[in-house]
Amino acid sequence: MDSLPTPELVREQFSKWLDENWNPDYSLREWREVFVDSGWSVPHWPTNRFGKGLPAWSEGVVASHLRQRGVPGLPIGGGTFLAAPTILDHGSAEIQERFLRDILIGATTWCQLFSEPGAGSDLAGLSTKAVRDGDEWVINGQKVWNTSAHHADYGILLARTDTEAPKHSGISYFILPMKQEGVLVRPLLQMNHHQSFNEVFLTDARVPLSWTVGDVNAGWTVANTTLAYERKFGATFGEIRQRGNGRAAAEAHEEWLHYMETYKWYPQRAGRVDLIPSRLAETGHASNAISRDEALKVLSLQRVSALTAERARVLRELGHAPGPEGSVGKLATSNAARAAAQIHARMTGAAAMLDSSEESTDGVISEVILSVPAQSIAGGTDEVQRNILGERILGLPREPR
Ligand SMILES: Cc1cc2nc3c(=O)[nH]c(=O)nc-3n(C[C@H](O)[C@H](O)[C@H](O)COP(=O)(O)OP(=O)(O)OC[C@H]3O[C@@H](n4cnc5c(N)ncnc54)[C@H](O)[C@@H]3O)c2cc1C
């Protein structure tokens with residue numbers, strides 16, 4: 001691009017490139033290889049790493065143009081949204097060459113191995129250990145809550161490499177091959193009957209020495225990069241859906257359906273605010289002043305929260321570092337989900353306790369009620385978000401450590 005890039009110019013150039021290169025008869029893999037090797041799949045990445053060196057906003061320009069034209073983009077999931085950008089920011093050239101292209105073309109799937117039974121909010125208190133043995137790390141410990149670990153090829157793993165150092169300074173960040181003898185993945189059955197996360201037991205699991213991301217004992221900084229990308233991923237999760245015609249688009253849709261099997265309860269987890277107006281009418285609660293009042297409160301809260309998320313997205317696209325909007329948005333989403341579950345319960349009455357075969361909303365309302373608590377936990381609990389806002393934004397005294 002000769003002149004200074006503007007969103008209009010980037011869109012025009014990308015559209016021209018698509019006219020010349022998109023072929024709906026490609027298989028999904030063939031298309032992604034062309035797309036990734038062109039630099040357009042991650043235009044904001046450096047030119048020697050599959051990008052075009054364009055500003056951060058170019059990612060959004062390309063994504064919205066793809067959606068408009070019904071052309072499949074990158075695979076969704078922890079590989080694309082968490083592992084890849086973290087590896088780009090902190091990984092060695094060897095790791096970047098080994099993993100990035102495979103993630104972008106959808107050849108590998110990834111999970112996040114951070115939380116432990118004794119370390120969630122206090123993640124730096126983790127106790128899984130990595131001990132060096134020649135040119136490998138040997139890993140022992142237990143992880144929990146690991147979404148999609150049951151079908152992942154690799155895990156981004158935090159483990160303690162120095163037990164003497166202060167807790168934040170003795171952690172390293174690794175890429176763990178999941179398909180090996182020392183890794184046992186046990187799915188957990190949730191109270192809403194889904195099984196999307198797992199316990200992962202690591203018994204003498206092996207990681208090549210060079211698959212450490214960042215410096216040894218500097219894993220806390222790398223983990224924070226992943227957590228910042230996780231907030232961004234959370235905000236865009238619901239929007240990423242493949243559309244369009246042709247073989248690649250059909251395969252992308254299949255891939256999306258397969259991927260969403262794990263996450264199909266996530267809309268219920270967010271409270272199904274969208275169902276409130278129709279449920280008011282169906283249940284006769286539209287004529288109940290209290291229900292109407294409650295419904296309007298939830299709908300307004302959700303609208304304000306969507307606007308906050310949109311503001312955060314625009315700021316990020318303009319290249320600003322993530323600010324307090326992440327924590328504000330996370331709390332607002334939890335509040336809206338809880339309030340929505342309450343009004344759904346009020347409108348549906350005792351039938352809200354029935355599952356799909358017995359209830360007029362096909363079990364959706366009972367799933368909302370059983371899934372909403374997860375909204376206040378995943379990606380950092382409500383209390384932790386309040387601590388962040390209190391200490392880092394409002395400047396209140398820090399809680400005792
Ligand atoms: C749907 C879902 C998917 C997840 N996916 C993954 C994944 O893929 N990979 C992964 O590694 N993890 C994952 N997690 C784990 C998640 O990050 C943790 O559950 C979360 O960080 C909370 O940790 P915890 O469960 O250990 O709770 P704890 O940290 O034990 O918290 C228990 C309670 O104490 C409160 N509390 C804790 N510390 C404080 C404090 N300082 N001040 C005030 N209150 C406090 C909490 O708010 C909470 O109410 C997932 C969780 C969910 C619900």
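This is a short tour of a predicted model, from the whole chain to the ligand site.

**Whole protein.** Start with everything shown as a cartoon. The count to expect is 13 helices and eight strands. The radius of gyration is 22 Å, and the globule rule gives 21 Å for 401 residues, so the protein is as compact as a globular protein of that length. Align the view to the principal axes: the C-alpha atoms fill a box of roughly 70 × 55 × 45 Å.

**Burial and contacts.** Next, colour by burial. Of the 401 residues, 39% are buried. If you draw contacts with a separation of 6 or more, 69% of them join residues 24 or more positions apart.

**The ligand.** Now select the ligand and the residues around it. The shell holds 19 residues. Show the closest as sticks: Phe114, Gly120, Ser121, Thr381 and Glu383. Two elements each give two or more residues to this shell, namely strand 1 (110-113) and helix 13 (382-393). Which of the elements gives the most to the shell? Select helix 13, which contributes three residues.

**Shell chemistry.** Colour the shell by residue class. Nine of its residues are polar, eight are nonpolar and two are charged.

**The two domains.** Finally, select residues 110-219 as domain 2 and residues 265-393 as domain 3, and give each a colour. Why does the ligand lie between them? Both domains give residues to the shell around the ligand, so the ligand is placed between domain 2 and domain 3.

Definitions and conventions:
Residues are numbered from 1 along each chain as its sequence is written. This is a predicted model: local features need pLDDT of at least 70, side-chain atom pairs count only at pLDDT 80 or more; totals for chains, interfaces and linings use all residues. Helices (H or I, at least four residues) and strands (E, at least two) are DSSP runs, numbered from the N terminus. The radius of gyration is taken over C-alpha atoms; the globule rule is 2.2 Å times the number of residues to the power 0.38. A residue is buried if 20 or more other C-beta atoms lie within 10 Å of its own, exposed if 12 or fewer, and partly exposed in between; C-beta atoms are placed from the backbone. Two residues are in contact if their C-beta atoms, placed from the backbone, lie within 7 Å. A residue is near a molecule or strand if its C-beta atom, placed from the backbone, lies within 6 Å of it. Ala, Val, Leu, Ile, Met, Phe, Trp, Tyr, Cys and Pro count as nonpolar, Asp, Glu, Lys and Arg as charged, and the others, Gly among them, as polar. Domain bounds come from an automatic or database domain assignment.
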